[in-house]
Amino acid sequence: MEPEADQLIMENLGKNFIDSFEYPETAEIHQRTVNMLAQLFNAPEYDEFCGTATVGSSEAIELGLLAHKWTWKSKRLTQGKDANHPNIVFGADAHICWDKFARYFDVEPRIIPMQENRFCIDADSVRERIDENTIAVGAIMGTTFTGACEPVKGINDLLVQIKKIEGWDIPIHVDAASAGFILPFTNPELEWDFRLQQVRSINVSGHKFGLVYPGVGWLLFRSPGDLPEDLIFYVNYLGDTMPTYTLNFSRGSDMVLAQYYNLLRLGYSGYAKVMDNCLNNARYLADKLSSSDIFELISDMQLPIITFKFKHAPNFTPFQLAQKLRERGWMLPAYTLPPHAEHLTVMRIIVRETFSRDMAETLYNDLVKTYQLLDHQEVENLQPQVSPRKGHHVT
Ligand SMILES: Cc1ncc(COP(=O)(O)O)c(C=O)c1O
């Protein structure tokens, strides 16, 4: 971030966000930021938009899904129906926080597996798994594994139809951890947000393309009615009555203020310039990789996230290429895709605002040179490498 933002953060390190009586302007700035993001995601106008700052997308996702569980449960109880068997539908491409939610909050996860050549979910695969106990469907804009954008509109159309036929009003939570700060600027026509009626909540990470340091995410609801009143706590022991919907009590104010700083400083046009630049550089590098004879692109390049695999089967693995590239200072993760596509080992590049066209050129040359170097080495000389992480989840 800019030196002015660093200074702002330093000046606010000591301010506890929860103490809105002592720091009323911080609470006001929080609400303004929620309003800006809700409008960015095309929420219908209400007196006050509904949302909260979190520590990151994980907390935002867990709180969003908890609200949907609560809404589902109270509807079932009002109808005199069983409310002990909630389920949630999402893809195997989802971030680990989705599994965490299911386990911590006791909801059956109905995970849509990947297929050999399909790395995200679609409306048909959702249709096969939903029922009257489905609290929500998760759709991801920018999956952790391949950067793909899931077809939220198709899933929305399906759920609108199901509501008419079966009477099940199943909400969609969109995980826009990365894309939430990209697509509204690079492709504002694409409908994935609150313009779609079943999209009831969205999360975004401030510390990804929100361009803020780690420690801030956002949860937005379509309308205040999507956050059950029972989940909002009002505390009066700090001198003022403050409604909260968070897992924690105390937290820093610095990153909330830093997010607001960026939104004011850059504005819509500033974010659009940064995101267009990231996307152009990413597409430039992706084009080079896909026209080489050694790499094959997997990502659809709607976002500045490049996922690729080896075109051929050399005597070394992407893990070994990743390790060798570290000698040149590049940290490119290599990992296997989730079950049913685990035969594929991919590498991923996330192009952020500090990654210039020059760096794209250098990285491409280093990738090709390192690949060729390994290709000409005796296999015995290579250190065999395995994935540094157990399981299938990557950050
Ligand atoms: C799609 C997606 N969802 C959720 C998360 C978790 O985000 P956070 O680290 O902000 O909790 C990530 C992190 O990489 C992600 O890529």
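The following exchange concerns the domains, one sheet, one helix residue and the ligand shell of a predicted model.

Biologist: On what basis are residues numbered and features accepted here?

Modeller: Residues are numbered from 1 along each chain as its sequence is written. The model is predicted: local features need pLDDT of at least 70, side-chain atom pairs count only at pLDDT 80 or more, and totals for chains, interfaces and linings use all residues.

Biologist: How many residues of domain 2 are in contact with domain 1?

Modeller: The domain assignment, which is automatic or from a database, gives domain 1 as 3-267 and domain 2 as 277-377. Their C-alpha centres lie 31 Å apart. Contact requires C-beta atoms, placed from the backbone, within 7 Å. By that criterion 19 residues of domain 1 touch domain 2, where the number of residues in contact is 14.

Biologist: Which strands stand at the edges of the open sheet?

Modeller: Strands are DSSP runs (E, at least two residues; helices are H or I, at least four), numbered from the N terminus, and two strands pair if DSSP finds at least two bridges between them. The sheet has four strands in the order β10-β11-β13-β12, with antiparallel pairing. Two of them have a single partner strand each, so one side of each is left without a neighbour in the sheet: β10 (295-297) and β12 (334-336).

Biologist: Which residue of β13 is the bridge partner of Ala334?

Modeller: Strand β13 covers residues 345-350 and runs antiparallel to β12, with three bridges joining the two. In β13, the partner of Ala334 is Met347.

Biologist: At what angle to β10 does helix α8 run?

Modeller: Axes are lines fitted to C-alpha atoms, for helices over the stretch in contact, and angles run from 0 to 180 degrees between N-to-C directions. Helix α8 (residues 254-291) lies across β10, β11 (305-310) and β13, and its angle to β10 is about 130 degrees.

Biologist: Is Ile9 buried or exposed?

Modeller: Ile9 belongs to helix α1 (residues 3-11). Beyond its neighbours within four places in sequence, Ile9 is in contact with Asp254 and Ala258. A residue is buried with 20 or more other C-beta atoms, placed from the backbone, within 10 Å of its own, exposed with 12 or fewer, and partly exposed in between. Because Ile9 has 20 such neighbours, it counts as buried.

Biologist: Which residues come nearest to the ligand?

Modeller: A residue is near a molecule if its C-beta atom, placed from the backbone, lies within 6 Å of it. Of the 15 residues around the ligand, the nearest are Gly56, Ser57, Ser58, His95 and Ala177.

Conventions. Contact = placed C-beta atoms within 7 Å.
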